[in-house]
Amino acid sequence: MTDPISDYLTRLRNAIQAKHRVVEIPASNLKKDITKILFQKGYILNYKFEDDGRQGIIKIALKYNNEDKSSAIKSLKRVSTPGLRCYTGYKKMPRVINGLGIAIISTSHGVMTDKEAAAEKIGGEVLCYIY
């Protein structure tokens with residue numbers, strides 16, 4: 001697999017469109033960090049890391065609205081790809097839907113949101129936009 005982050009986002013997107021409650025994704029440290037951010041920001045209901053003897057599995061419980069059964073995640077967009085990396089400094093941090101969404105940034109201090117990276121005055125690679 002050449003782009004595991006894109007695979008992660010595609011599995012989430014497909015599970016949301018199929019209205020699944022739980023989605024299983026092969027684990028990595030970067031995917032675990034992204035999952036923790038999604039949980040902290042309220043985009044997913046819960047998550048669990050399971051060890052299967054190999055690389056492990058991330059089980060994510062998706063969050064839906066009770067009235068119209070719409071997902072908390074409206075859009076997942078991959079920004080930096082293996083063929084075209086996208087970096088940003090803290091002064092030119094991207095704003096997703098005028099601050100309503102989040103951009104996930106991989107920095108030298110770990111994976112964090114755009115607002116956290118701007119507050120710490122560090123830039124990095126823009127992994128994806130979520131709103």
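How much area does the protein chain expose, and what share of it do carbon and sulfur atoms supply? The protein chain exposes about 7,600 Å², and carbon and sulfur atoms supply 49% of that. Before I go on, please keep in mind that this is a predicted model.

Let me start with the overall fold. The protein chain has three helices and eight strands. Going along the sequence, the order is α-β-α-β-β-β-β-β-β-α-β. So between the second helix and the third, the pattern runs through strands.

Next, the dimensions. The C-alpha trace spans about 40 × 40 × 25 Å along its principal axes. The radius of gyration is 15 Å, and for 131 residues a compact globule would come out near 14 Å, so the two agree. Of those 131 residues, 39% are buried. As for contacts, take the ones between residues at least 6 apart in sequence: 61% of them join residues at least 24 apart.

Now charge. There are 22 positive side chains and 13 negative ones in the protein chain. The centres of the two sets lie 5 Å apart.

On to the cysteines. How many disulfides does the structure hold? The count is zero. C86 is in no disulfide, and the nearest cysteine sulfur to it, that of C128, is 12 Å away. The same holds from the other side: C128 is in no disulfide, with the sulfur of C86 as its nearest, at 12 Å. A disulfide here requires the two sulfur atoms to be within 2.5 Å, so a pair at 12 Å does not count as one. As for their surroundings, C86 is partly exposed, with a relative accessible area of 30%. C128 counts as buried, at 0% relative accessibility.

Now a charged residue. Is D114 buried or exposed? D114 is buried, with a relative accessible area of 4%. D114 lies in helix α3, which covers residues 114-120. Leaving aside residues up to four places away in sequence, D114 touches M93, P94, R95, I102, A103 and I105. Three of my remaining points concern loops.

The loop between α1 (4-17) and β1 (22-26) is where A18 sits. At 44% relative accessibility, A18 counts as partly exposed. A18 and I37 are 19 residues apart in sequence, and their C-alpha atoms are 23 Å apart in space.

Then there is the backbone. Which phi value does K69 have? Phi of K69 is near 60°, a positive value in a residue other than glycine. K69 is in the loop between β3 (57-62) and β4 (76-78). K69 is partly exposed, with a relative accessible area of 44%.

I97 also belongs under this heading: its phi is positive, about 50°, although I97 is not a glycine. I97 is placed in the loop between β5 (87-88) and β6 (102-107). Its relative accessible area is 41%, which makes I97 partly exposed.

To recap the cysteines and the acid: the structure holds zero disulfides, C128 is buried at 0%, and D114 is buried at 4%. For the loops, K69 and I97 are the residues to look at for positive phi. That is what I have on this predicted model.

Technical notes: Residues numbered from 1 in each chain as written. Predicted model: local features only at pLDDT ≥ 70, side-chain atom pairs only at ≥ 80, totals over all residues. Heavy atoms only, no water. Helix = DSSP H or I, 4+ residues; strand = E, 2+ residues; numbered from the N terminus. Rg over C-alpha atoms; globule rule 2.2 N^0.38 Å. Buried < 20%, exposed > 50% of the residue type's maximum accessible area, 1.4 Å probe, protein only. Contact = heavy atoms within 4.5 Å. Areas by Shrake-Rupley, 256 points an atom, 1.4 Å probe, with all protein chains shown as cover. Lys, Arg positive; Asp, Glu negative; His and termini not counted. Charge placed at Lys NZ, Arg CZ, Asp CG, Glu CD.
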